[in-house]
Amino acid sequence: MYVRRVLSTALLLLGIAAAPAAADSSPSASPSGDSAAPTQAGTSFRTATEIEQGQQATASGSTGDYLYWSFPADAGQRPTVKATVKLPEASTRHAGQTWQLDVYDGLRRRQACQYGAQTRTAAQDAASVELACTLRTVRSWSETWANDPLPGTYYVRLTVTGLQASDLGLPVGAEVKVDSKDIGGSAAVDGSLAKPLVPGIATSAGKSDSDSGSSTAVLSSIEPDGGWASGWWSDRWVWTAIGGILAALAGIGGYALTRGSGRPSRVPPGA
């Protein structure tokens, strides 16, 4: 009976401890439905159009243009960027086209894709081409020499890398969407950045410091739901607590099984 009560208590504690982990494992990209999706793209890092995760941004341009978007990614997220390019009419093209999707972090370091078709060549008669790039999991901290993804702004660049000169300037359309998977405590590391890598994208007009002659930097206005470093809780804490509980229960159970039923009745007290 005693062991049964111990096991019941253990199951109850494990259920309470696992509840936060189940809540934390839900998809992290859930932007507000009221926010309108952007319908244009920037032409450089400084003019990149800001998008939220989960939004499908669209843009129109010309073949040969560089199209830029930016989005926030926090620690513990594994972003996946997908892009669809709607190509010009086949009758106006003279050959196939090769399109490429690149992703850069807040320091403008090009990030490698874990998987996904980052570069694709469309045939002359193709109506569209689809690209994808799944980044490595964003880490809360990294060595200065490493190229690990860190929390902050990420830039998406979409451009054509191979086509005939006669096809330059033809109209194209683009669709870009970013989603993230919350990896959880398996990607947690010790340490964190003091600030996310969110560089200034402009200077505020009319707010210059008359004494120093400098202008106030305007930081990116986008951030993850719940703010930066919102993923400080992870299932790493849960499994640590579960390990401690199981160790304690193992000690209690071992004692209950080995202590016996006490002094046998046939043994006198003074023996």
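A residue is called buried here when its relative accessible area is under 20%. The structure in the viewer is a predicted model, and the tour begins with one of its strands.

**First stop: strand β4.** Please select residues 77-86, which form strand β4. This strand is mostly covered, as 7 of its 10 residues are buried.

**Second stop: the partners of β4.** Next, add residues 171-182, strand β10, which pairs with β4 in the antiparallel sense over 10 bridges. Two facing pairs may be displayed here: Lys 82 stands opposite Lys 177 of β10, and Val 85 stands opposite Ala 174 of β10. Then select residues 128-135, strand β8; β4 and β8 are also antiparallel and share 7 bridges. In this pairing, Thr 80 of β4 faces Thr 134 of β8.

**Third stop: the whole antiparallel sheet.** Extend the selection to the 5 strands of this open sheet, which follow the order β2-β10-β4-β8-β6 with antiparallel pairing. At its edges stand β2 (56-62) and β6 (113-115); each has a single partner strand, so one side of each is left without a neighbour in the sheet. From one strand to the next, the twist averages 30°.

**Fourth stop: the mixed sheet.** Now turn to another open sheet, in which 5 strands with mixed pairing are arranged as β1-β3-β9-β5-β7. Its edge strands are β1 (49-50) and β7 (119-122), each pairing on one side only. To inspect the β7 edge, select residues 97-104, strand β5, which runs antiparallel to β7 and is joined to it by 4 bridges. Finally, display Trp 99 together with Arg 120, its bridge partner in β7.

Terms used:
Residues are numbered from 1 along each chain as its sequence is written. This is a predicted model: local features need pLDDT of at least 70, side-chain atom pairs count only at pLDDT 80 or more; totals for chains, interfaces and linings use all residues. Side-chain values use heavy atoms; hydrogens and water are left out. Buried means under 20% relative accessible area, exposed over 50%, partly exposed in between (1.4 Å probe, protein chains only). Two strands pair if DSSP finds at least two bridges between them. Axes are lines fitted to C-alpha atoms, for helices over the stretch in contact, and angles run from 0 to 180 degrees between N-to-C directions.
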